[in-house]
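Q: Could you take a close look at one helix packing site here and then work outward from it? I'd like the cut-offs spelled out as you go.

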Amino acid sequence: MMAGEVTRIDLTVDENDVIRGAGEVLKVIRPHWQSSSVRFKLFTDGITNKLVGCFNQNNNTNDDDDDDDNADDDADTTSSDVVLIRVYGNKTDLLIDRKKETDNIRLLHRYGYAPTLYATFRNGLAYEYVPGVTLTPESCREESVWRLVAKRMAQMHKVCDDSTSASREPMLPGKIDQFLKLVPPVFSDPVKHSRISQIFPSTDVLRRDFEDLYERLCRLNSPTVFCHNDLLLGNVIYCAERERVTFIDYEYAAYNHQAFDIGNHFTEFAGIDEIDYDRYPSRDFQLQWLRVYLEEFSGEECTDSDVQRLYVQVNQFALASHLMWAVWALIQAEHSTIEFDFIQFGETRYCEYLRRREQFLSLTYQN
């Protein structure tokens with residue numbers, strides 16, 4: 001294997017038996033681990049994939065690969081060798097370019113912004129454990145945390161993907177078009193179909209609505225940068241001891257409008273399990289956050305006008321975030337086997353889009 005290449009395992013993990021599948025992956029990438037010394041922990045935060053933490057509790061192992069392993073300082077573990085194994089959700093390959101995802105992880109790891117990728121298998125991947133905790137609707141507002149997030153996002157937005165396959169066009173219109181085409185005209189579950197029909201208009205109406213919105217958003221001239229595009233709170237790991245945040249899950253990372261990435265993150269302040277859009281950050285909070293971001297992004301002090309301009313862009317692009325994930329939820333409602341009410345999630349996002357549309361589109365700024 002050439003240096004820098006990632007191990008490819010010819011294996012499909014049964015999403016109903018992910019612990020056993022994780023053990024099969026470890027046999028390849030951690031052959032020195034004794035199965036009796038491995039503890040598995042199934043994380044339940046995600047609503048797209050299944051994630052297993054694999055903790056080697058035998059501290060007496062000696063292996064040349066130890067330099068690749070991330071020391072675990074989480075109070076919940078005693079191991080110094082940890083691997084995370086993510087099993088993709090059912091039919092998520094319809095939504096996500098998995099090769100591009102692994103390329104994104106490797107690209108951002110070179111910049112120091114993503115974990116080490118150890119291996120891929122047919123329906124998932126194995127990567128480095130990052131010590132810390134995921135953000136919550138409370139912690140994302142703490143100044144010691146949000147400043148780190150703003151700076152890290154600015155740093156990521158300056159990443160340059162020089163691969164021949166990298167498109168510099170914003171991913172947003174193409175991704176929503178892809179999603180809309182994947183929404184079934186008739187859902188296989190009649191109960192779900194009835195619920196969805198009462199909440200959402202046709203995909204033709206949703207498409208026209210997005211096209212009208214996007215035409216207005218394009219006039220804002222938000223720069224195209226390398227974005228995460230899915231920076232929900234569970235995708236931000238905060239390590240207080242190291243005063244560092246790490247972004248994970250680069251499934252949707254691609255070039256996109258700068259303001260979309262920030263606006264999407266702000267919509268996620270509402271949380272997932274109990275969504276509450278009263279948590280959407282206030283204007284004063286956003287202006288502070290955006291100033292820290294802009295000064296890191298530009299490397300110099302920014303003007304009040306710069307911050308106001310970005311504030312308008314971010315909140316208007318937040319509308320596109322609501323629409324995109326509402327449509328995404330309809331596809332998940334059809335295909336996902338994860339126990340989660342995707343219809344309710346999609347309805348919440350769509351209703352917030354309708355509620356905020358006039359307010360956000362009326363925002364203006366002066367040059």
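A: Gln258, Ile262, His265 and Phe266 in α7 meet Gln286, Trp289, Leu290, Tyr293 and Phe297 in α8, where a contact means heavy atoms within 4.5 Å. Helices here are DSSP runs (H or I, at least four residues), strands are E runs of at least two, and both are numbered from the N terminus. By class, this α7 and α8 contact has six nonpolar, three polar and no charged residues. For those classes, Ala, Val, Leu, Ile, Met, Phe, Trp, Tyr, Cys and Pro count as nonpolar, Asp, Glu, Lys and Arg as charged, and the others, Gly among them, as polar.

Before going on, a word on the model: it's predicted, so local features need pLDDT of at least 70 and side-chain atom pairs count only at pLDDT 80 or more, while totals for chains, interfaces and linings use all residues. Residues are numbered from 1 along each chain as its sequence is written, and side-chain values use heavy atoms, with hydrogens and water left out.

Now the geometry. The axes of α7 (residues 258-267) and α8 come within 13 Å and cross at roughly 140 degrees; axes are lines fitted to C-alpha atoms, for helices over the stretch in contact, and angles run from 0 to 180 degrees between N-to-C directions. That makes α7 oblique to α8, since under 35 degrees counts as roughly parallel, over 145 as roughly antiparallel, 65 to 115 as roughly perpendicular and the rest as oblique. The crossing of α7 with α8 is right-handed, meaning the near helix is turned clockwise from the far one by less than a right angle (anticlockwise would be left-handed).

Helix α8 (residues 283-298) also packs against α3 (residues 143-156), at an angle of about 40 degrees and with the axes 8 Å apart. So α3 is oblique to α8 too, and α3 passes α8 in a right-handed crossing. On the α3 side, the contact includes Trp146, Val149, Ala150, Met153 and Ala154, and on the α8 side it includes Phe285, Trp289, Val292, Tyr293 and Phe297. The residues of this contact divide into 10 nonpolar, two polar and three charged.

Tyr293 is worth a look in its own right. Skipping residues up to four places away in sequence, Tyr293 touches Ala150, Met153, Ala154, His157, Gln258, Ile262 and Leu310.

How does that fit into the core? Of the 93 residues in the largest nonpolar core, Leu172, Phe247, Ile262, Trp289, Leu290, Tyr293 and Trp328 touch the most other members. Such a core is a set of buried Ala, Val, Leu, Ile, Met, Phe, Trp, Tyr and Cys residues joined through side-chain atoms within 4.5 Å. Buried is under 20% relative accessible area, exposed is over 50%, and partly exposed lies in between (1.4 Å probe, protein chains only). Helix α9 (residues 304-335) gives the most to this core, with 19 residues. Apart from it lies another core of 19 residues, among them Leu26, Ile29, Trp33 and Val87.

Finally, a residue outside the helices: Ala253 sits in the loop between β10 and β11 (254-257). Ala253 is buried, at 3% relative accessibility. Leaving out residues up to four places away in sequence, Ala253 touches Asn104, Phe226, Cys227, His228 and Asn229.
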